[in-house]
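Welcome! Here is a short tour of a protein fold and its charged contacts. Take a moment with the model before reading on.

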Amino acid sequence: RTGTLSHARHCLTPRLSSRTNVKGPTMALLKLASTDGIIELSDGTRWRIVPGQGDVFGRWLEGADINVSPHPERGEGHAHLNNISAGEGVDVTPEA
């Protein structure tokens, strides 16, 4: 499993900005998951958890591998963050 994540991290080209559309899947490390629903990643992007998605504070630990992908249903500007080690994900919007 670790080999797969390492391979994926090297093969995926980061193509996202929290202020633009998510163009394709990418990997980043979790830098911060705050109590007010803000997630900050190692690539410098900041995301706000969509209301009703739940609270990840305390379960998502710093340094965790996060897969960032475009949201298939919510449209432009929305993304889905999947915490590989926690086995859970949340829908997010860019944090201004």
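What is the relative accessible area of Arg46? In this predicted model, the value is 30%, so Arg46 counts as partly exposed. The rest of this report sets that residue in its surroundings.

## Overall layout

The protein is built from 1 helix and 6 strands. Followed along the sequence, the elements come in the order α-β-β-β-β-β-β. The strands form a closed barrel of 6 in the order S1-S2-S3-S6-S5-S4, and the pairing is antiparallel. On average, neighbouring strands of this sheet are turned by 45° against each other, with direction ignored.

A few totals help to place this fold. The protein has 96 residues, and 40% of them count as buried. Its exposed surface comes to about 5500 Å², with carbon and sulfur atoms supplying 50% of that area. If you take the contacts between residues at least 6 apart in sequence, 50% of them join residues at least 24 apart.

## Strand S3 and its neighbours

Let us look at S3 from its two sides. S2 (residues 38-41) pairs with S3 in the antiparallel sense over 3 bridges, and one pair to look for is Ile39 with its bridge partner Trp47 in S3. S2 and S3 make a hairpin with 4 residues between them, and in the turn Gly44 has a positive phi of about 90°. S3 also pairs with S6, again antiparallel and over 3 bridges; here Arg48 stands opposite Thr93 in S6.

In a regular strand, side chains alternate between the two faces of the sheet. S3 has a covered face with Trp47 and Ile49, while Arg46 and Arg48 belong to its uncovered face.

## Strands S5 and S6

S6 (residues 88-94) is also paired with S5 (residues 79-83), in the antiparallel sense and over 5 bridges. Within this pairing, His80 has Asp91 in S6 as its bridge partner.

## Salt bridges around the two arginines

How many salt bridges does the count give? The count comes to 4 salt bridges. Among them is the contact between the side chains of Arg46 and Glu40, with an N to O distance of 3.2 Å. Glu40 also meets Lys31 in a salt bridge, at 3.6 Å from N to O. Lys31, Glu40 and Arg46 are thus linked in a network of salt bridges.

Is Glu40, the residue in both of these contacts, buried or exposed? Its relative accessibility is 17%, so Glu40 counts as buried, because the cut-off for that class is under 20%. Arg46, at 30%, is partly exposed.

Arg48 has a salt bridge as well: its side chain meets that of Glu95 at 3.2 Å, N to O. This pair links distant parts of the chain, 47 residues apart, with Glu95 in the segment after S6 and Arg48 in strand S3 (residues 46-49). Glu95 has a relative accessible area of 17% and is therefore buried, whereas Arg48 has 33% and is partly exposed.

## Putting it together

To see these pieces in one view, start from S3. Its uncovered face carries Arg46 and Arg48. From there, Arg46 leads to Glu40 through a salt bridge, and Arg48 leads to Glu95 through another. On the covered face you will find Trp47 and Ile49, with Trp47 being the bridge partner of Ile39.

Note on methods: Residues numbered from 1 in each chain as written. Predicted model: local features only at pLDDT ≥ 70, side-chain atom pairs only at ≥ 80, totals over all residues. Heavy atoms only, no water. Pairing = 2+ DSSP bridges. Axes fitted to C-alpha atoms, helices over the stretch in contact; angles between N-to-C directions. Buried < 20%, exposed > 50% of the residue type's maximum accessible area, 1.4 Å probe, protein only. Contact = heavy atoms within 4.5 Å. Areas by Shrake-Rupley, 256 points an atom, 1.4 Å probe, with all protein chains shown as cover.
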